[in-house]
Structure formats: C-alpha cells, structure tokens
Amino acid sequence: MSRFTHERARLVEIARQRRAEQARLAKLEEQRVEYLDRKLAQAEPRNPISEEASAFHAFIEWARPRLKKMDA
C-alpha cells in the first residue's frame with residue numbers, strides 16, 4: 001500500500017468517526033430535549049407569589065445570622 005493510499009484511508013476513517021460522533025451527539029441532544037419536554041409537561045403550574053415568599057424566606061434565613069453578628 002502506498003503512503004498516499006494509507007494516508008487517505010486514515011483520513012476517511014477519521015471522517016467516518018467524526019460523522020458517527022456527530023450523529024451520537026445529535027441523538028443525545030434530541031433525547032435531552034424530549035426529557036425536558038416531559039418534565040415540563042409534568043410540572044405543576046408555578047405560583048409566583050409562593051416563589052417570591054420562598055425567596056424572601058431564604059434571604060431572611062441567610063441575613064439573620066449576619067445581622068446578629070453586626071449587632072454583637
């Protein structure tokens with residue numbers, strides 16, 4: 001086998017592997033999107049007031065010890 005033929009065969013194999021990897025990644029992305037769509041369909045409706053109250057509560061819990069240290 002000539003050096004040129006060997007190099008061409010190597011490049012053809014690299015290209016084949018690259019196409020296979022791209023196809024595999026495309027399939028994974030499709031599966032990820034389908035999974036997220038299913039999760040979104042299962043999610044309960046969001047309650048913005050509840051979320052805001054929860055965020056406020058988390059902030060208070062974070063701030064309270066720091067405020068106590070400042071008062072000490």
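Where do E21 and R24 lie, and how many residues apart are they? Both belong to helix 1, which covers residues 3-42, and they sit 3 residues apart, about one turn of the helix. This pair offers a handy way into the structure, which is a predicted model.

The overall architecture is simple to describe. The protein contains 2 helices and 0 strands. Its C-alpha trace spans about 85 × 40 × 10 Å along the principal axes. The radius of gyration is 28 Å, whereas a compact globule of 72 residues would have a value near 11 Å. Burial is correspondingly worth a look: buried residues make up 1% of the 72 residues. The protein exposes about 7,200 Å², and carbon and sulfur atoms supply 59% of that area.

Attention can now return to helix 1 and its charged side chains. A search of the whole structure finds 5 salt bridges, and one of them joins E21 to R24, whose side chains meet at 2.8 Å, N to O. Neither partner is hidden or fully open: E21 is partly exposed, with a relative accessible area of 34%, and R24 is partly exposed as well, at 43%. Further along helix 1, E29 forms a salt bridge with R32, and their closest N and O atoms are 2.9 Å apart. E29 and R32 are separated by about one helical turn because they are 3 residues apart in helix 1. The accessibility values are 38% for E29, which is partly exposed, and 43% for R32, which also counts as partly exposed.

Why should such a spacing suit side chains that meet? An α-helix has 3.6 residues a turn, so residues three or four places apart point the same way.

Between helix 1 and helix 2 comes a loop, and R46 is found there. R46 is exposed, with a relative accessible area of 66%, a value that falls over the 50% cut-off. Looking back from the loop to helix 1, R46 and R32 are 14 residues apart in sequence and 22 Å apart in space, C-alpha to C-alpha.

Helix 2 runs over residues 48-71. At 1.5 Å a residue, its 24 residues should span 34 Å, and its end C-alpha atoms are indeed 34 Å apart, so expectation and model agree. The helix nevertheless bends by about 30° at A63, and a proline, P65, follows within four residues. A63 itself, which is placed in helix 2, is buried, with a relative accessible area of 9%; that figure lies under the 20% cut-off.

Helix 2 also carries a salt bridge. The side chains of R64 and E61 meet at 3.1 Å, N to O. These two residues both lie in helix 2, 3 residues apart, about one turn of the helix. R64 is partly exposed, with a relative accessible area of 40%, and E61 is likewise partly exposed, at 41%.

Aromatic side chains add a further contact in helix 2. The count for the structure comes to 1 aromatic pair. The rings of F59 and W62 have their centres 5.9 Å apart and their planes at 35°, so the pair is tilted. The reasoning rests on the cut-offs: centres must lie within 6.5 Å, and planes under 30 degrees apart would count as stacked, while those over 60 would count as edge-to-face. F59 and W62 are 3 residues apart in helix 2, which means that about one helical turn separates them. Both rings belong to residues of intermediate accessibility: F59 counts as partly exposed at 45%, and W62 counts as partly exposed at 47%.

Finally, two C-alpha distances help to place helix 2 in relation to other parts of the chain. E51, which lies in helix 2, counts as partly exposed at 35% relative accessibility. The C-alpha atoms of E51 and Q17 are separated by 47 Å, with their positions 34 residues apart along the chain. For A63 and R16, which are 47 residues apart in sequence, the C-alpha to C-alpha separation is 57 Å.

Terms used:
Residues are numbered from 1 along each chain as its sequence is written. This is a predicted model: local features need pLDDT of at least 70, side-chain atom pairs count only at pLDDT 80 or more; totals for chains, interfaces and linings use all residues. Side-chain values use heavy atoms; hydrogens and water are left out. Rings of Phe, Tyr and Trp (its six-membered ring) pair if their centres lie within 6.5 Å; planes under 30 degrees apart count as stacked, over 60 as edge-to-face and the rest as tilted. Buried means under 20% relative accessible area, exposed over 50%, partly exposed in between (1.4 Å probe, protein chains only). The expected span of a helix is 1.5 Å times one less than its number of residues. The bend at a residue is the angle between axes fitted to the seven residues ending there and the seven starting there. A salt bridge is a side-chain nitrogen of Lys or Arg within 4 Å of a carboxyl oxygen of Asp or Glu. The radius of gyration is taken over C-alpha atoms; the globule rule is 2.2 Å times the number of residues to the power 0.38. Accessible areas come from the Shrake-Rupley method with a 1.4 Å probe; for residues, only the protein chains shown count as cover.
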